[in-house]
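The following exercises invite the reader to examine a protein step by step. Each task is followed by a worked solution.

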Amino acid sequence: MEVTFLGTGSAFSPHAYNASILVDRAILLDAGAPLTVHLPKAGVSLDEPRAVVLSHFHADHTFGLAWLILGRVLLHEPSAPLTIFGPVGATAYVEQLLDFAWGEKMRRLSWERLQLTVHELAGGDTFEVDGSRARAFRMQHVDELNCLGFSIERDGVRLGYSGDAEVSPELEALVAASDHVIAEMTYPEGDGAELHLGRKDVEGLMERHPSTRFIITHLSSEVSVNGAVMARDFLTLRLPLR
Ligand SMILES: [Zn+2]
């Protein structure tokens, strides 16, 4: 499995772009980065990703979708179909995002040309993404939104992704179900207490799950955590890590 980080900053990070992770050139985990620039810069055509998996509806995880979708339609004729997975409410969210970004006419054109399919998921749901088995986990992040983390099994690797999350029993279950996990760490010091994970939270998870390899993203500054891989924009990793 090959994982390329297209954005590894927290929402207002000054050092890195917003969240997006490309798996095997085919699956995007979140779409906060400027994808019309970052996919080509990573050597991947806008037309290559088959699916986008959204963790929650915050701008720093989703707004790049507007560029990916219409850019793909306008630059690639015919365009490859695209499937979107996201929390309950994803269909209406993507429609509103496209209406707001480019207008209703372009939204309709995009939907038709990309044969756009949106699958709405709740915690505990299993699904298949680009031929891989995956599972959604409900994450505790902000009360007013459905927030998910995911595990994807591919090439014998069980990859977890926290999205944005506080420590919770579901996050522990996600980490336990993953041999590699991409975990957020918004707060460089201390524990997150609310909304996000902090360094102490991540160190605690690492201690409680010694057989899971941690890759840290959603960073507010350039920091390191002993024993974990620190993601940075355009880092490519081949999993399993040695
Ligand atoms: Zn968020």
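The model shown is predicted. The protein contains seven helices and 14 strands.

**Exercise 1. Overall form**

Determine whether the radius of gyration of the protein agrees with that of a compact globule.

Solution. Begin with the chain length: for 242 residues, a compact globule would have a radius of gyration near 18 Å. The protein has 17 Å, which agrees with this expectation. Next, consider the extent of the C-alpha trace, which spans about 50 × 35 × 35 Å along the principal axes. Burial completes the description: 48% of the 242 residues count as buried. Finally, among contacts with a separation of 6 or more, 57% are accounted for by residues 24 or more positions apart.

**Exercise 2. The partners of strand S1**

Identify the strands that pair with S1, and state the sense of each pairing.

Solution. Locate S1 at residues 2-7; five of its six residues are buried, so that the strand is mostly covered. One partner is S14 (residues 236-238), which runs antiparallel to S1 and is joined to it by three bridges. Within this pairing, Val3 has Leu237 as its bridge partner. Another partner is S2 (residues 20-23), also antiparallel, with four bridges. Here Phe5 is matched with Ile21.

**Exercise 3. The enclosed strand S5**

Establish how many residues of S5 are buried, and find the strands joined to S5.

Solution. Count the buried residues of S5: they are five of five, and therefore the strand is largely enclosed by the rest of the structure. Then examine the pairings. S4 (residues 51-53) runs parallel to S5 and is joined to it by three bridges; in this pair, Val53 has Phe85 as its bridge partner. S6 is likewise parallel to S5, with five bridges between them, and Ile84 stands opposite Val118 of S6.

**Exercise 4. The two sides of helix H4**

Compare the end-to-end span of H4 with the expected value, and decide where its buried residues lie around the axis.

Solution. H4 comprises 13 residues, 90-102; at 1.5 Å a residue these should span 18 Å, and the end C-alpha atoms are indeed 18 Å apart. The buried residues of the helix are Ala90, Tyr93, Val94 and Leu98. Because these residues cover an arc of only 125° around the axis, they lie on the same side of H4. The face turned away from this buried side carries the exposed residues Ala92 and Phe100. The cover over the buried residues includes helix H3 (64-75), strand S5 (83-87), helix H5 (104-113) and strand S6 (117-121). Just after the helix, Gly103 adopts a positive phi of about 95°.

**Exercise 5. From a hairpin to a crossover**

Follow the chain from S9 to S11, and give the handedness of the crossover between S10 and S11.

Solution. Start with S9 (residues 148-154) and S10 (residues 157-161), which run antiparallel and are joined by five bridges. At this pairing, Arg154 stands opposite Val157 of S10. Two residues separate the strands of the hairpin, and Asp155 takes a positive phi near 50° there. Continue to S11 (residues 180-184), which runs parallel to S10 and shares three bridges with it; Tyr161 has Ile182 in S11 as its bridge partner. Between S10 and S11 the chain passes through helix H6 (residues 169-176), and this β-α-β crossover is right-handed.

Terms used
Residues are numbered from 1 along each chain as its sequence is written. This is a predicted model: local features need pLDDT of at least 70, side-chain atom pairs count only at pLDDT 80 or more; totals for chains, interfaces and linings use all residues. The radius of gyration is taken over C-alpha atoms; the globule rule is 2.2 Å times the number of residues to the power 0.38. A residue is buried if 20 or more other C-beta atoms lie within 10 Å of its own, exposed if 12 or fewer, and partly exposed in between; C-beta atoms are placed from the backbone. Two residues are in contact if their C-beta atoms, placed from the backbone, lie within 7 Å. Two strands pair if DSSP finds at least two bridges between them. The expected span of a helix is 1.5 Å times one less than its number of residues. The arc is that of the directions from the helix axis to the C-beta atoms. A crossover is right-handed if, with the strands pointing away from the viewer, the path from the first strand over the helix to the second runs clockwise.
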